[in-house]
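Hi everyone, thanks for coming. Let me put the structure up on the screen, and then we can walk through a few parts of it together.

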Amino acid sequence: MANIAQATREASATPFQRGIKEALYAGAISFGLFFLFIGLRTDQNIRNELILVPRWGLLAIVVGLVMLGRFVYVAYGQPFMARQKIVNVASGLLPDSVATRFFKLPYFIASLVVVGLLMVFAGSLDGIFGPALAGYMRFFRALAIIYALASVMFYFRAFIQAHFSALGIGVLVAYPIVVVVALTLISGSMAGGFQGSLKWVDNFGIQILIYVMLAWGLNIVVGLAGLLDLGYVAFYAVGAYAYALLATQLGWSFWILLPVAGIMAAFWGVMLGFPVLRLRGDYLAIVTLAFGEIIRLVLINWREVTNGAAGISGIPKVSFFGLISFNVSDPNYIAKVFGIAQSGAYYKIFLYYLILGLALLTAFVTIRLRRMPVGRAWEALREDEIACRSLGINTTTTKLTAFATGAMFGGFAGSFFAARQGFVSPESFVFLESAIILAIVVLGGMGSLVGIAVAAAVMIGGTEILREMEFLKAVFGSDFTPELYRMLLFGMAMVIVMLWKPRGFVGSREPTAFLHERKSVSSSFTKEGHG
Amino acid sequence: MTAGKSLLDIRGVETYYGNIRALNGVDVSVNEGEIVALIGANGAGKSTLMMTIFGTPRARRGTITFAGTDITDLPTHEIARMRIAQSPEGRRIFPRMTVMENLQMGASLDNLKFFDEDVEKVFTLFPRLKERIAQRGGTLSGGEQQMLSIGRALMARPKLLLLDEPSLGLAPLIVKQIFDAIRELNRTQGLTVFLVEQNAFGALKLATRGYVMVNGVVTMSGTGKDLLADPEVRAAYLEGGRH
């Protein structure tokens with residue numbers, strides 16, 4: 001039916017006509033949607049009365065953009081995409097893919113030239129073009145850098161695809177060094193390089209890696225064992241408070257408390273596991289959600305121990321196994337040991353490698369467990385619980401080990417979080433955190449470590465990078481604060497990814513078992529299926 | 001075939017779903033080396049009996065004895081570890097796991113040293129599974145899924161194999177292949193098989209002995225040949241009569 005309707009419509013109207021028509025529809029819909037959102041604004045006047053401020057101009061711009069977008073998509077985008085699927089009669093080949101046409105050597109060289117020129121004149125841009133235009137220039141430079149990097153990646157795409165994990169780990173290990181070296185070159189001094197790296201290593205590197213680790217931990221519960229857990233942040237909180245309380249009260253070191261926090265979180269994982277053994281799916285989700293809230297409310301109300309909503313401050317820093325300290329007052333402070341200038345950046349770089357190590361430990365354990373009977377049992381449990389039981393798998397212990405293992409990594413991440421912040425309060429462990437971690441697991445593709453890492457980088461790094469979009473002020477006016485739109489864009493990105501890849505970035509599951517070696521199924525085996 | 005000593009003994013078993021009685025005092029016994037078929041109409045309680053042997057749902061009255069041990073109240077996974085393997089109703093293979101991984105799941109931990117040997121045995125029995133070794137379970141055809149389900153059960157090196165409707169939804173040719181494989185297992189390895197079937201003709205032809213179940217009660221029993229010849233059975237299950 002739909003096909004027939006499509007065909008008759010295509011026969012009767014050119015893409016241009018259809019574009020006009022659909023643009024009008026889209027304009028009407030967006031006008032209806034945005035009339036109240038954008039067209040009117042409530043404000044207070046001098047006498048504190050509520051007044052309506054009409055913003056017809058802005059409404060017109062938004063509706064116009066929607067119409068233009070729809071028109072371009074229908075009139076030019078759709079026919080273009082349709083042409084991509086038509087084989088050239090003469091050559092018998094499909095047209096060059098969009099990517100190969102987009103990434104060409106001349107363009108690549110041009111982008112390098114642009115980057116080079118704008119880098120050289122970076123200091124004098126404001127003077128030459130004025131501040132507004134200079135903002136655009138910097139944006140243009142950022143685009144050129146992205147294009148150049150994307151071209152390189154496109155050129156080596158087969159290699160990158162084949163060695164993605166190893167390359168990813170290599171990039172992560174090299175990241176702080178590259179940042180420090182690059183910023184040292186730009187600022188012209190070593191100290192400036194370290195100082196400038198603070199933001200990149202801390203806000204981007206550590207922040208993303210914490211979420212990678214949390215998502216990998218939750219992946220064991222949700223992705224492998226198929227137990228939908230909406231209260232994962234509870235274990236993060238248990239780990240954080242375990243370190244915060246024991247370190248401030250008993251003065252134990254991080255390296256002792258890290259396993260302690262992990263064990264305590266695992267213990268609470270089992271505590272949560274017992275009552276929910278018989279639950280699955282939605283019911284399980286609700287109970288775990290409640291569990292997360294219970295932990296948070298206990299932290300708020302048990303003031304004698306947790307200091308309530310005020311939280312715990314003065315949590316000691318991590319030391320390099322007691323050998324090198326990161327406290328300025330200590331005799332073995334890193335700057336004194338090596339005779340270098342004082343900087344907070346050393347500690348951040350150290351923390352970066354610490355969380356990288358912890359995250360890789362999580363990945364390593366997950367990969368190993370998947371090949372072991374317990375990991376296989378988790379996956380089988382996700383697929384079919386009844387079949388599992390009739391194959392002699394003890395589903396009780398299987399579920400509890402999944403909860404405990406996932407919770408343990410949450411606890412590790414929590415104690416790291418406490419050590420990094422130096423301060424914990426219940427505010428850090430709200431439901432939204434659980435939701436974001438779960439969203440990362442789902443977006444990445446349940447069960448896929450690589451997909452989840454990419455999702456964490458895109459989601460957390462993406463929202464962080466919006467803080468850097470200063471040039472947008474040049475577009476939208478100086479009182480525009482792009483970071484306020486972070487969560488809006490986060491939500492939009494999630495919707496788009498789910499439409500585009502419903503099973504996440506990496507939706508396919510990597511098998512763990514082979515008879516003797518990896519065997520590709522030849523076409524003669526797959527020609528026909530009887531039965 | 002000479003009947004060995006009793007392997008599975010079901011005595012006066014009553015099973016309920018909530019307040020509804022599904023099994024009303026069932027007596028069935030399976031001797032070593034036999035193929036026993038249980039036939040009956042939809043809703044007669046055949047599958048319930050299969051599941052009751054595994055303790056889900058549990059028998060409210062009566063006893064189930066396996067190789068001299070009372071298994072009525074054992075947890076399901078411990079019953080399975082006594083070397084009773086099941087190819088459950090609807091096959092219940094793991095759809096996102098490969099054929100190989102499905103077979104791995106069937107192998108119990110104390111049998112891992114025999115794993116390669118056992119896999120080869122399954123592949124000899126069902127060569128088609130070897131062709132599909134790296135394919136995900138969910139992408140197999142119905143017959144292949146049934147083969148995988150039986151193969152997975154065999155990986156546990158069972159003393160007793162329970163099959164719940166192995167012919168369900170399969171083409172006659174595939175049903176024949178599967179029944180041949182069951183007969184082969186019984187003949188060469190002496191495997192004891194207890195199968196539940198709606199395909200009464202095929203099942204009774206295959207079976208040493210058979211039981212007929214109606215509304216949660218065993219109404220008739222005898223050798224496969226006798227039941228096939230019985231006019232009542234013929235009328236009810238073999239000639240498309242009303243039941």
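Let's begin with two strands of chain B: β3, residues 35–40, and β9, residues 209–214, run parallel and are joined by five bridges. If you want a spot to zoom in on, V36(B) sits opposite R209(B) in β9(B). Please keep in mind that this is a predicted model.

Now zoom out a little. That pair belongs to an open sheet of six strands in chain B, ordered β6-β7-β8-β3-β9-β10, with mixed pairing. So which strands stand at the edges? They are β6 (84–87) and β10 (217–223) of chain B; each has a single partner strand, so one side of each has no neighbour in the sheet. On average, neighbouring strands here are turned by 15° against each other, direction ignored.

Next, the domains. Chain B is assigned a domain 1, covering 1–83 + 159–243, and a domain 2, covering 92–157. Their centres, taken over C-alpha atoms, are 23 Å apart. Twelve residues from domain 1 of chain B and ten from domain 2 of chain B make up the contact. On the domain 1 side, β7 (160–164) and α7 (172–189) of chain B each give two or more residues, and α7(B) has the largest share, with four. That side has eight nonpolar, one polar and three charged residues.

Last stop, the partner chain. Here 34 residues of chain B contact 26 residues of chain A. On the chain B side, α3(B) gives the most, five residues. By class, that side splits into 16 nonpolar, twelve polar and six charged residues.

Methods. Residues are numbered from 1 along each chain as its sequence is written. Chains are lettered from A and ligands numbered from 1 in the order in which they are written. This is a predicted model: local features need pLDDT of at least 70, side-chain atom pairs count only at pLDDT 80 or more; totals for chains, interfaces and linings use all residues. Two residues are in contact if their C-beta atoms, placed from the backbone, lie within 7 Å. Ala, Val, Leu, Ile, Met, Phe, Trp, Tyr, Cys and Pro count as nonpolar, Asp, Glu, Lys and Arg as charged, and the others, Gly among them, as polar. Two strands pair if DSSP finds at least two bridges between them. Axes are lines fitted to C-alpha atoms, for helices over the stretch in contact, and angles run from 0 to 180 degrees between N-to-C directions. Domain bounds come from an automatic or database domain assignment.
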